[in-house]
Amino acid sequence: MISVLLIVTTLVCALIFRNRYLLLITSSFIVLFIAYLINFDGISVFSMRTNLIQTLVDPIYDLDSFSIANILTVFISLYGILIPFFIYGYLKQTSELLPLRVPTLIALACSFSWVIVPNYEYLVPERWVIVSGMFISILAVYGFSLVNASIKSRKYRLITFTVFFSFFIFYGLLYMVVPYGTIITIPAYFHDLTQFILPISMSMNSFDSHQNKDLVYVIEWINENTIGNSLVIGSIHWRGWFALFLDQSNDFKYEENTIDTFNLKNNSISATSESQLCNIDMSRPDSKWSSIILVSSSNDLVKSLSTLQVYGSGQFNVYNISKIHCEY
């Protein structure tokens with residue numbers, strides 16, 4: 001997202017200012033970025049093996065997890081108080097701040113892409129709402145400074161300045177430090193609509209802090225009880241932990257959606273795992289094994305896969321699900 005924003009912004013600015021050197025540099029970056037998308041990208045809309053326009057408009061690709069109400073609520077609750085100052089600052093922008101117009105318009109256009117794009121989630125407008133906040137904030141502060149400068153009394157200008165910035169400093173600190181679940185910010189009051197896009201506070205993790213050690217114990221157990229080349233399946237929210245602590249000879253995979261425990265063999269992950277792991281001789285007497293391992297904190301799995309459980313620590317359980325995928 002930031003790469004796209006940077007490249008498009010510099011390209012437009014190069015054309016506006018007629019800067020040949022900037023245009024040449026930007027063109028080089030465009031070539032490199034397109035090469036990256038073709039050869040390495042595997043997570044964005046550009047990597048889908050279908051026509052891009054068809055992906056965005058065809059009903060069969062509908063994937064709008066966040067409703068328009070969700071996205072609008074996040075935008076208004078975050079920036080509602082800044083919008084008047086932002087508009088004033090944007091309209092009164094001087095030539096020195098002209099380059100801010102381009103990324104601001106791009107970020108806002110992507111934030112409201114749902115207006116014209118049916119399958120808007122592929123363009124992640126909810127994330128562009130957060131990115132646009134940087135430019136909204138800069139121009140809102142500029143707009144406020146212009147309004148504040150129009151106050152004739154120096155004393156009242158100082159008071160207004162102090163109250164305005166003290167409010168946002170205090171507001172930001174509260175968002176940083178209040179316990180998760182505490183409703184203290186404006187978006188938090190609308191948490192039914194905003195919490196899946198924006199956390200209620202920054203004191204948030206994929207699980208409680210006291211459970212960190214349990215996940216580390218699970219990863220250490222996997223490292224100690226496999227000979228490598230195993231496939232480890234877990235939640236998308238744990239990928240950072242596994243990137244840090246899992247033995248690099250093992251491969252961690254995740255799915256954004258909950259894994260269907262009753263249809264694991266048809267899960268998309270299994271398609272890439274069967275060929276490399278299903279030739280394992282499970283009858284050999286080794287104490288260690290290469291296998292397909294599922295790590296989960298779901299209570300439902302404890303019941304449905306209890307016979308396949310090989311380790312547990314705290315709320316986390318480890319299952320050897322090779323037999324579900326492979327026939328021996």
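1. The lining of the second largest pocket comprises 13 nonpolar residues and five polar ones, with no charged residue among them. This composition refers to a predicted model. The pocket encloses about 490 Å³ of space. Its lining numbers 18 residues, and those nearest the centre are Leu78, Tyr79, Leu82, Ser137 and Tyr171.

2. As to the elements that form this lining, helix 4, helix 7, helix 8 (154-177) and helix 9 (186-189) each provide at least two residues. Helix 8 makes the greatest contribution, with five residues.

3. Helix 4 (68-79) and helix 7 (125-149) also serve as packing partners for the buried residues of helix 6, as do helix 1 (2-17) and helix 5 (83-91). The buried set of helix 6, which spans residues 101-111, consists of Val102, Pro103, Thr104, Ile106, Ala107, Leu108 and Ser111.

4. Two cysteines deserve a remark on accessibility. Cys13 is classed as buried because its relative accessibility of 8% falls under the 20% limit. Cys110, at a relative accessible area of 22%, is partly exposed because this value lies between 20% and 50%. The structure contains zero disulfides.

5. Which residues does Val218 contact, its neighbours within four places in sequence being left aside? They are Val295, Tyr311, Ser313, Phe316 and Val318. Val218 belongs to helix 11 (residues 212-224), and its relative accessibility of 0% places it in the buried class. Val318 stands 100 residues from Val218 along the chain, yet the C-alpha atoms of the two are separated by 7.4 Å.

Note on methods. Residues are numbered from 1 along each chain as its sequence is written. This is a predicted model: local features need pLDDT of at least 70, side-chain atom pairs count only at pLDDT 80 or more; totals for chains, interfaces and linings use all residues. Side-chain values use heavy atoms; hydrogens and water are left out. A disulfide is a pair of cysteine sulfur atoms within 2.5 Å. Buried means under 20% relative accessible area, exposed over 50%, partly exposed in between (1.4 Å probe, protein chains only). Helices (H or I, at least four residues) and strands (E, at least two) are DSSP runs, numbered from the N terminus. Contact means heavy atoms within 4.5 Å. On a 1 Å grid over the protein atoms alone, a cavity is a set of points where a 1.4 Å probe fits but cannot get out, and a pocket is an open set with protein on both sides within 12 Å along at least five of seven lines; lining residues have an atom within 4 Å of a point. Grid points are joined across faces, edges and corners, and a volume is the space filled by probe spheres set on the points. Ala, Val, Leu, Ile, Met, Phe, Trp, Tyr, Cys and Pro count as nonpolar, Asp, Glu, Lys and Arg as charged, and the others, Gly among them, as polar.
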